[in-house]
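Me: I have a structure to go through with you. I want the reasoning behind each label, not just the label.

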Amino acid sequence: MNKRNLIDFIQTRTGFLTLLVLLFWIKYIFVAYCDFNLGLSDPYQHIIMWLSPLPTAILFTSIGFYFPKPIVSYIGMLVMDFLNTVLLFANVLYYRQFSDFLTIKTIMNTGKVAPGLGKSAVSLLHPTDIFIWLDLIIIIALLILKKIKIDQKSYGLSTPFAITSFGMFLLGLNMFLAESSRPRLLRNTFDRSYVVKYLGLDTYTAYDGIKSAQSVQVTKNANASDLNKILNYTQKNYSAPNSAMFGKEKGKNVIIIHLESFQQFLINLKVNGKEVTPFLNSIYKNKNTVSFDNFYHQVGLGRTSDAETMLETGTYGISDGSLFTSLGSENTFQAAPQILRQDGYTSAVFHGNVGTFWNRNDVYKNLGYNYFFDQNYFSNARTDKIGYGLKDKLLFSESVKYLEQMQQPFYAKFITVTNHIPFSMDAEDLDPNFKTTNTRDTTINNYFETAHYLDQAVREFFTYLKKAGLYKNTMIVIYGDHYGLSNSENETLAPIIGESSDTWNTYNNVQMQRVPFMIHSSNLTGGINHEVAGEIDVLPTLLHLLGIDTKDYVEFGNDLFSPNYKKWLVFRNGTIVSDKYIIVGGKGIKGTVYDRANGKQIINFTPIEKKEIAELSKKAKKSLKYSDLLNNHNLLRFYTPVGFVPTNPNQFDYLTNYQQMIQLEQQLGKRSTSLYSQKHKSTSSLYQTDAPQLKNRRTEITQVPKNVLDNKLTTKKSDKAKKVSGK
């Protein structure tokens with residue numbers, strides 16, 4: 001098409017629509033690369049992202065084409081393009097502030113948006129933002145000057161319908177390509193940026209709107225009688241604490257170390273004559289550690305977020321997707337941070353990934369966490385990251401400058417990421433004294449290297465805790481969140497862990513779902529507990545150790561030290577593990593049943609076995625059913641236990657964590673209980689690490705995330721201190 005033909009085409013209504021779509025596509029691509037961090041990792045993802053804005057741009061702009069009057073049709077197309085540009089620009093500003101995309105809830109809740117975005121809107125503007133509006137300005141000017149003329153031709157319905165159909169075709173193609181790259185994208189969403197990356201900003205906004213509407217409808221259908229059924233169940237399921245263990249750790253700090261993808265078989269395992277995890281092995285067998293060797297993860301599609309859901313709330317993850325991403329922004333919780341706040345605890349999470357991953361930056365507020373230190377609070381050098389965030393040694397070492405400012409007692413959680421599939425490691429981080437396996441499966445070989453690295457990182461952190469003086473007054477909980485190696489790799493792995501690949505079966509796959517669980521404290525008498533246990537049991541166990549009775553809380557697990565502990569658990573997929581049986585398939589004796597002690601499949605059932613298995617299946621099904629009912633209908637908003645103060649998420653501002661700590665420190669003065677106040681100086685220099693990235697590097701405090709360094713606190717110090725004290 002030559003220049004004359006191109007100009008003539010633009011003078012037609014279809015040409016005008018094409019021009020609007022093309023210009024919007026160009027500025028969208030510009031924004032995607034310059035303002036958004038979409039994590040485009042391969043050429044295929046780039047191609048999908050380039051395609052993603054076109055379908056909806058065509059669909060929205062074509063709405064104007066349906067108006068029969070030419071001038072109204074042109075105005076309609078311009079209005080739709082303008083609204084699409086407003087959405088794009090609003091997300092640009094919001095992303096610069098929060099490193100996240102606007103949700104329908106945020107758009108509708110202007111009271112929440114205004115303080116966070118409106119006050120700093122001017123500081124968020126960049127000179128390049130004119131590019132987002134320049135096309136509309138020029139096109140309107142050209143229309144006014146009649147350089148672009150209004151096409152007076154009548155098009156009827158066939159042409160706009162054809163354009164809409166083409167947009168729908170491109171949308172279907174976009175979704176097909178997205179699904180091929182990221183299966184179950186919309187059913188198992190763990191980060192909003194993934195939906196934007198694969199489907200575009202418009203489709204993400206529509207998807208978020210549908211989810212919000214569904215959530216509102218489900219909430220409206222809540223039935224008070226359902227809550228009563230759940231309360232009756234959980235109170236009947238409650239196990240009274242062991243009098244010798246109740247309050248054993250009362251008033252102590254709590255540190256949770258979340259071992260990413262860490263399975264039980266790694267404990268005490270040797271590869272080429274070397275222990276894979278020598279330090280964790282020593283903690284596992286320590287005289288002050290209670291360890292569990294039959295502790296199973298119970299996560300579903302929510303993976304790590306499911307583990308956090310059980311740890312913090314005592315309820316299961318939902319059946320399809322992640323509770324954090326589906327319901328976490330809306331739901332009411334009775335979670336560990338907020339429960340402990342009633343006893344004077346402050347709380348924080350340290351995690352070297354983006355705060356939006358698994359929707360954590362919203363969910364943690366609903367859980368009651370005072371502080372959340374995401375990747376913006378740590379070094380962002382390229383060599384400091386691997387896979388899903390900051391390397392573990394750097395996470396621990398760079399966190400202590402914040403940890404020492406926390407008021408004690410505190411509840412702090414460290415989420416590691418280096419031991420995450422594909423278990424890749426930079427050569428500089430490998431231990432030259434540890435040689436991994438040489439199987440045909442590189443995932444297995446890499447797994448041992450990243451687990452070994454994680455072990456070293458935990459050892460360094462323990463050394464710091466002892467030197468700094470936190471160790472003796474802290475209960476340290478270490479657990480694996482879920483499996484690392486999948487069932488497809490188990491047969492290759494079998495000989496390494498002393499099993500036979502020839503006899504490997506479903507029973508072995510279930511046993512591979514065991515992960516470590518250790519409670520370490522100088523006040524505990526250690527030992528290895530062989531009882532069947534699961535992640536759902538962690539919260540009541542820890543709360544009872546801290547002297548907080550869980551009878552009035554809605555929790556689906558049991559205190560592992562209770563003499564009335566139930567001795568069974570259910571996976572999210574319905575698999576049941578008890579002290580006697582492993583039941584796969586969720587159908588009782590119609591499923592596959594193994595004797596848990598010897599691994600042999602039970603074919604001919606005795607009447608007693610039939611009765612026991614039927615009872616287990618009934619209890620397991622009811623446990624999952626009531627947990628889903630509770631969370632899907634947000635029923636906890638109707639129930640507040642005596643002495644519990646529900647969370648107010650609006651009081652938390654994770655963009656100013658460090659300033660809040662300093663302000664509180666100043667307000668409390670001599671009453672401050674932070675480690676920094678006790679030592680009258682920083683303890684960061686006590687941290688010793690062999691991480692090569694930190695050699696010759698001066699450790700600095702990252703006071704606020706890099707995207708809001710220019711923002712100023714507008715809240716008075718006294719008001720901010722009240723918000724974060726939790727006391």
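Me: How do you know that Lys391 is buried?

Reply: This is a predicted model, and the value is computed from it. Lys391 has a relative accessible area of 2%. Buried means under 20%, so Lys391 counts as buried.

Me: What makes Asp426 and Lys391 a salt bridge?

Reply: Their N to O distance is 2.7 Å. The cut-off is 4 Å, so the pair qualifies. Asp426 sits in the loop between strand 10 (410-415) and helix 19. Lys391 sits in the loop between strand 9 (389-390) and helix 18 (392-403). The two are 35 residues apart.

Me: Why is Asp426 called partly exposed?

Reply: Its relative accessibility is 27%. Partly exposed covers the range between 20% and 50%, so Asp426 belongs there.

Me: Why does Glu428 with Lys391 count as a salt bridge?

Reply: The N to O distance is 3.9 Å. The limit is within 4 Å, so this pair also counts. The pair ties together parts that are 37 residues apart in sequence. Glu428 is partly exposed, at 41% relative accessible area.

Me: What does Asp429 form with Lys391?

Reply: A salt bridge, with the closest N and O atoms 2.6 Å apart. Here the parts tied together are 38 residues apart in sequence. Asp429 and Lys391 are both buried.

Me: How many salt bridges does a search of the whole structure find?

Reply: The search finds 14. There is also a network of salt bridges that links Glu308, Glu312, Arg360 and Lys413.

Me: Now the rings. Why is the aromatic pair of Phe265 and Tyr447 called tilted?

Reply: The model has 42 aromatic pairs. In the Phe265 and Tyr447 pair, the centres are 6.1 Å apart and the planes meet at 45 degrees. Pairing needs centres within 6.5 Å. Stacked means under 30 degrees and edge-to-face over 60, so 45 degrees is tilted. Phe265 and Tyr447 are 182 residues apart. Phe265 is buried at 15% relative accessibility, and Tyr447 is buried at 0%.

Me: What makes the Tyr364 and Tyr369 pair edge-to-face?

Reply: The planes are 65 degrees apart, with 5.2 Å centre to centre. Edge-to-face means over 60 degrees, so the label fits. Tyr364 and Tyr369 are both buried.

Me: How do you know that the charged end of Lys566 sits over the ring of Trp568?

Reply: The charged end is 5.4 Å from the ring centre. The distance limit is within 6 Å, and the charge must also lie within 35 degrees of the ring normal.

Me: Why is helix 22 described as largely enclosed?

Reply: Because 8 of the 8 residues of helix 22 (residues 538-545) are buried. Among them are Val538, Pro540 and His544.

Conventions
Residues numbered from 1 in each chain as written. Predicted model: local features only at pLDDT ≥ 70, side-chain atom pairs only at ≥ 80, totals over all residues. Heavy atoms only, no water. Phe/Tyr/Trp six-rings, centres within 6.5 Å; stacked < 30°, edge-to-face > 60°. Helix = DSSP H or I, 4+ residues; strand = E, 2+ residues; numbered from the N terminus. Buried < 20%, exposed > 50% of the residue type's maximum accessible area, 1.4 Å probe, protein only. Salt bridge = Lys/Arg side-chain N within 4 Å of Asp/Glu carboxyl O.
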